[in-house]
Amino acid sequence: MEQDRLDYEQFLSGDKAGFERLVLRYKDGLIQFIARFVRDLYQAEDLAQDTFVEVLLHPERYRKETSFKTYIYTIGHNKAVDYIRRNDRLTLIGEWEESDAMRADALLLEEKVIREEEKRELYAVMKQLKPDYERVLYLVDLEGVSYADAAQMLGKSDSQIKVLIHRARKRLKQKMEEKKGTYTGNGGGKP
């Protein structure tokens, strides 16, 4: 987002208002993101604050190849993982060594974060589709509802559902490719 870059540049030049705008823009989403891991809203607020403090203390670490949102969510994810690890260690008695199972859990957590972000992107793109397309994709592809059940739920015939799901998937694929193209900077054209 261009506004993020402008605000960050202002922050780097010594204007704290740019940083404050970034915090206000992303704090709520970051708190909700972190809360999905730590399962404690108050702790998530603390970890989100720690995330922004890290950005404030180390402004040179942000590389503008990624979006600012991706950058802070990555820091937030790392803070959440560290918090979970610290709390797991505190509950153990005696000496503790990181087990293979815990390393695997950390990898699963990271994969879950990636899947959650992909899911959010998918939902955002689905909202741009026709309502019938969005509904049929949600029912069939996300909820695993059969074509017959989807037809009944949406008041359509089985053949209408088959055509609808085919068109919806095709349009969703186009929208996702367009969105991916805007991230890779293919001319900054229309999404």
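Here are some worked exercises on the predicted model shown above.

## Exercise 1: The overall fold

**Task.** Find how many helices and strands the chain has, and what share of its residues is buried.

**Solution.**
- Step 1. Begin with the secondary structure: there are 8 helices and 0 strands.
- Step 2. Read the elements from the N terminus, and the order is α-α-α-α-α-α-α-α.
- Step 3. Turn to burial. The chain has 191 residues, and 30% of them are buried.
- Step 4. Finish with the contacts. Taking those with a separation of 6 or more, 54% are between residues 24 or more positions apart.

## Exercise 2: The length of helix α3

**Task.** Work out what span helix α3 should have, and set that against its end C-alpha atoms.

**Solution.**
- Step 1. Helix α3 covers residues 41-57, which is 17 residues.
- Step 2. The expected span is 1.5 Å times one less than the number of residues, so α3 should span 24 Å.
- Step 3. In the model, the end C-alpha atoms of α3 are 24 Å apart, so the two values agree.
- Step 4. Now look at the start of the helix. There, a side-chain oxygen of D40 comes to within 3.0 Å of the backbone nitrogen of Y42.

## Exercise 3: The buried residues of α3

**Task.** List the buried residues of α3, then follow Q43 and T51 to their contacts.

**Solution.**
- Step 1. In α3, the buried residues are Q43, A44, L47, A48, T51, F52 and V55.
- Step 2. Take Q43. The cut-off for buried is under 20% relative accessible area, and Q43 counts as buried because its value is 18%.
- Step 3. Setting aside neighbours within four places in sequence, the contacts of Q43 are V38 and Y83.
- Step 4. Move on to T51, which has a relative accessible area of 0% and is therefore buried.
- Step 5. With neighbours within four places again left out, T51 is in contact with L30, I34, I72, I75, G76 and K79.

## Exercise 4: Two residues of helix α2

**Task.** Is A35 buried or partly exposed, and is R21 buried or partly exposed? Then find what each one touches.

**Solution.**
- Step 1. Helix α2 spans residues 16-38 and contains A35; R21 is found in α2 as well.
- Step 2. A35 has 14% relative accessibility, so A35 counts as buried.
- Step 3. R21 has 32% relative accessibility, so R21 counts as partly exposed.
- Step 4. Not counting residues up to four places away in sequence, A35 touches D40, L41 and A44. From C-alpha to C-alpha, A35 and E45 are 8.1 Å apart, with their positions 10 residues apart in sequence.
- Step 5. Under the matching exclusion of residues up to four places away, R21 touches D7 and Q10. R21 and D7 are 14 residues apart in sequence, and their C-alpha atoms are 7.0 Å apart.

## Exercise 5: How α6 meets α7

**Task.** Describe the packing of helices α6 and α7: the angle, the handedness and the residues that meet.

**Solution.**
- Step 1. Locate the helices: α6 is residues 131-142 and α7 is residues 147-154.
- Step 2. Their axes lie 10 Å apart, at an angle of about 140 degrees.
- Step 3. The crossing of α6 with α7 is right-handed.
- Step 4. From α6, the residues R135, V136, L139 and V140 meet Y147, A150, M153 and L154 of α7.
- Step 5. Sort this contact by class, and there are 7 nonpolar, no polar and 1 charged residues.

## Exercise 6: Y147 and A124

**Task.** Which residues does Y147 contact beyond its neighbours within four places in sequence, and how far is A124 from M176 in space?

**Solution.**
- Step 1. Y147 belongs to helix α7 and is partly exposed, because its relative accessible area is 30%.
- Step 2. Beyond its neighbours within four places, Y147 is in contact with V140, D158, I161, K162, I165 and R169.
- Step 3. One of these contacts is I165; the C-alpha atoms of Y147 and I165 are separated by 8.9 Å, and the two residues are 18 residues apart along the chain.
- Step 4. A124 sits in helix α5, residues 100-126, and is partly exposed at 33% relative accessible area.
- Step 5. A124 and M176 are 10.0 Å apart from C-alpha to C-alpha, and 52 residues apart in sequence.

Note on methods. Residues numbered from 1 in each chain as written. Predicted model: local features only at pLDDT ≥ 70, side-chain atom pairs only at ≥ 80, totals over all residues. Heavy atoms only, no water. Helix = DSSP H or I, 4+ residues; strand = E, 2+ residues; numbered from the N terminus. Buried < 20%, exposed > 50% of the residue type's maximum accessible area, 1.4 Å probe, protein only. Polar contact = N/O pair within 3.5 Å; in protein donor to acceptor, adjacent residues only side chain to side chain. Axes fitted to C-alpha atoms, helices over the stretch in contact; angles between N-to-C directions. Left-handed = near helix turned anticlockwise from the far one by under 90°. Contact = heavy atoms within 4.5 Å. Nonpolar A, V, L, I, M, F, W, Y, C, P; charged D, E, K, R; others polar.
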